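Work through the exercises below with the model open in your viewer. Try each task before you read its solution.

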Amino acid sequence: MTWRTIDKRLFRLIRGTMGQFVSVTLALGIGLALYISTGIAALDMDAAMRRYYQDRCFADMAVTVTSMSERQTAVLADMEGIELAEGRVSRTVPFVTDDDTERVRMLLLTLTEDINLVKLESGQFPTEGRREVLVIKQFAEARGIAPGSEIELQIGGRVMDFYVSGLVSSPEFVYLVDPRQGLMPDNMNYGAAFLERGLGAQIMGRDGFNEILMTVERNISGRKLDDLAEALEERLERFGGRNVEKRENQISNAMLSEEIEQLKAASHGIPLLFLAISGLIIAMMLARMVRRDRQSIGVMKALGYSSWDLLFHYAKYSLISALIGGAVGVLAGLPMASAMTDYYMTFYNLPALDGTASYVPVANALAMAFLCCAAAGFVGARGILRLSPAEAMRSEAPKKGGRVWLEYVRPVWANMSFSRKMAVKNVFRNKKRAFFSAFAVAITFSLIAYTLAMPAAIDAMMGEGLREFQPMDYDVSFENPASRKTISDMRARLKDISRLEGKIDMPFKISSGTRDIWSWGECVDSSFSALYSKGFTDVHQHIRPTTGYFAFCAGSGARYGLLPLSRQKWKPPAVSSRRHLALGLRGEKAGRRGGGWRETSFVPVR
């Protein structure tokens with residue numbers, strides 16, 4: 001009977017503060033829904049990625065070489081730490097369309113038998129001896145290509161027809177992006193296709209492999225993996241091998257892994273902020289209820305209720321809020337997680353989850369909600385423990401007043417109305433309440449400002465930044481180094497060109513102690529090269545023409561820098577350099593350029 005009576009009072013208490021109770025419960029439910037949706041999406045994507053990589057035997061390392069035979073490739077598998085080694089032929093070629101203004105690139109790869117296995121989505125594998133290809137699913141869907149279609153590719157200056165036997169997905173193209181154009185997928189203008197090994201080697205004119213894929217033993221990771229990569233670079237240097245690319249630096253895997261990590265971080269960021277704010281509001285509400293019900297608490301204590309009975313009575317207010325908010329969070333979070341996962345699948349070509357969704361975030365969310373609200377209930381109602389029945393029957397003595405510092409600023413204070421003076425005094429006399437109110441308003445406005453400013457920031461990065469760092473409209477690569485006469489011929493033949501310059505880049509190796517880094521060097525004596533120091537100072541102001549500076553980057557997401565090199569002492573490695581043409585167009589054709597840019601800080605490397 002005791003608990004039944006006091007519980008009736010609890011529900012009357014909730015009914016009397018219904019507006020506040022609903023607001024806090026909804027805030028709690030929103031926080032839990034965000035945590036559940038982002039947490040489940042991150043875990044499900046991570047599980048799908050790992051399972052897909054394992055099923056398709058995704059390569060742990062890959063290296064580009066000039067040429068290696070099948071026998072030389074097989075010898076690599078005998079190295080300590082290497083489990084499998086397999087070679088293939090790769091080449092990027094133009095994809096021919098009916099629109100002459102389109103610039104579509106296709107990465108041609110020969111099929112492998114053990115590593116980076118493709119998954120057939122529709123159609124069938126190519127027939128040996130026939131000119132058939134498998135097209136990556138994302139590109140095919142964007143272009144309207146289906147099994148049975150025919151495509152045209154320009155290989156070695158000749159346009160060749162290919163029959164599309166099927167559509168596939170691949171673990172190395174979960175996030176299909178052109179490495180030369182930026183970080184966003186452009187499925188209309190970049191794709192990949194797979195050929196039967198013999199046909200691919202014949203068409204692309206190669207006797208050996210120019211790309212080696214490897215998997216490592218399970219106990220190889222961390223420093224051991226770095227040492228193995230360095231040993232491979234030394235061993236493959238005579239074959240023109242450079243920059244062993246580990247799985248963590250492979251662009252598709254790097255983008256997918258980074259997105260998953262960001263999702264995990266997001267699940268512990270804003271949702272926990274909602275929980276913290278909800279807990280603070282509940283604690284403040286209960287503290288005010290205890291002060292307001294001071295005399296009622298005194299009467300209940302005089303009737304025999306203990307302090308802990310009354311403390312639990314008020315704490316149940318927050319626990320009921322946690323129960324309802326948890327139900328709202330679960331009911332809203334699960335559909336949100338499914339929708340979020342489906343949305344990410346439009347960017348990342350991962351296989352279906354097959355009902356393997358993880359519900360660990362649901363249990364964590366409910367536990368956090370109950371712990372947060374229980375702590376808030378105890379903190380807010382702890383004043384009951386200090387009240388004796390006789391003391392609680394009396395009204396609370398008013399706090400000692402005094403002047404606030406603004407009263408000493410007489411010109412300001414004298415011109416304020418009485419109501420404004422009372423408002424100012426209330427702020428200074430209730431500092432805690434004023435601080436949390438101001439904090440909540442600041443968080444609200446910061447979230448609004450962040451949301452409104454983000455489109456402009458992205459536009460500045462992808463638009464103004466692109467025009468600053470990549471001012472050319474086209475960047476033409478040659479398979480073999482071209483002479484200066486090529487530039488003169490193109491100037492004479494292309495009428496819409498406003499500027500045309502040649503550019504040389506080549507791979508080089510930087511040795512620092514026991515560490516070697518393969519990088520691409522580029523001559524910067526070009527009006528198309530925009531290099532800035534860490535303080536965004538134009539680097540060209542500090543470069544003398546005789547110095548021979550080279551800009552370099554080492555690996556994905558690595559530091560950028562300037563490497564001073566003497567042209568007399570420069571020794572290119574055993575791989576061919578490439579020559580490019582950077583072109584700027586006149587009139588309306590200028591400015592129509594794709595791709596993206598990465599914010600960089602250039603620092604001297606000594």
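The exercises that follow use a predicted model.

**Exercise 1. A ring pair**

Task: Classify the aromatic pair formed by Phe 173 and Phe 194, and say which parts of the chain the pair ties together.

Solution:
- Start with the distance: the ring centres of Phe 173 and Phe 194 are 6.3 Å apart. Pairing requires centres within 6.5 Å.
- Next, take the angle: the planes stand at 65°. Over 60 degrees counts as edge-to-face, so that is the class of this pair.
- Now place the residues. Phe 173 sits in the loop between β8 (158-169) and β9 (190-195), and Phe 194 in strand β9, so the pair ties together parts 21 residues apart in sequence.
- Check exposure: Phe 173 and Phe 194 are both buried.
- For context, the structure has eight aromatic pairs. Tyr 175, Tyr 343, Tyr 344 and Tyr 348 make up one aromatic cluster.

**Exercise 2. A strand and its partners**

Task: Find how many residues of strand β10 (residues 209-216) are buried, then describe its pairing with β1 and with β2.

Solution:
- Count burial: eight of the eight residues of β10 are buried, so the strand is largely enclosed by the rest of the structure.
- Take β1 (residues 61-68): it runs antiparallel to β10, with five bridges joining them. Thr 64 has Glu 211 as its bridge partner in β10.
- Take β2 (residues 82-88): it also pairs with β10 in the antiparallel sense, over six bridges. Here Leu 84 stands opposite Thr 215.

**Exercise 3. The nonpolar cores**

Task: Which residues touch the most other members of the largest nonpolar core?

Solution:
- The core has 55 residues, and the answer is Met 61 and Ile 151.
- List contacts of Met 61, leaving aside neighbours within four places in sequence. Among them are Ile 82, Ile 212, Leu 213, Met 214 and Val 216. Leu 225, Leu 228, Ala 229 and Leu 232 are also included.
- A second, separate core holds 35 residues, including Tyr 35, Ile 297, Ala 337 and Ala 376.

**Exercise 4. One helix face**

Task: Where do the buried residues of helix α9 (residues 294-302) fall, seen down its axis?

Solution:
- Identify the buried residues of α9: Arg 294, Ile 297, Gly 298, Met 300 and Lys 301.
- Look down the axis: these residues fall within an arc of 165°, so they line one face of the helix.
- Step past the end: just after α9, Gly 304 takes a positive phi of about 115°.

Methods:
Residues numbered from 1 in each chain as written. Predicted model: local features only at pLDDT ≥ 70, side-chain atom pairs only at ≥ 80, totals over all residues. Heavy atoms only, no water. Phe/Tyr/Trp six-rings, centres within 6.5 Å; stacked < 30°, edge-to-face > 60°. Helix = DSSP H or I, 4+ residues; strand = E, 2+ residues; numbered from the N terminus. Buried < 20%, exposed > 50% of the residue type's maximum accessible area, 1.4 Å probe, protein only. Arc of directions from axis to C-beta. Pairing = 2+ DSSP bridges. Core = buried A, V, L, I, M, F, W, Y, C linked by side-chain atoms within 4.5 Å. Contact = heavy atoms within 4.5 Å.
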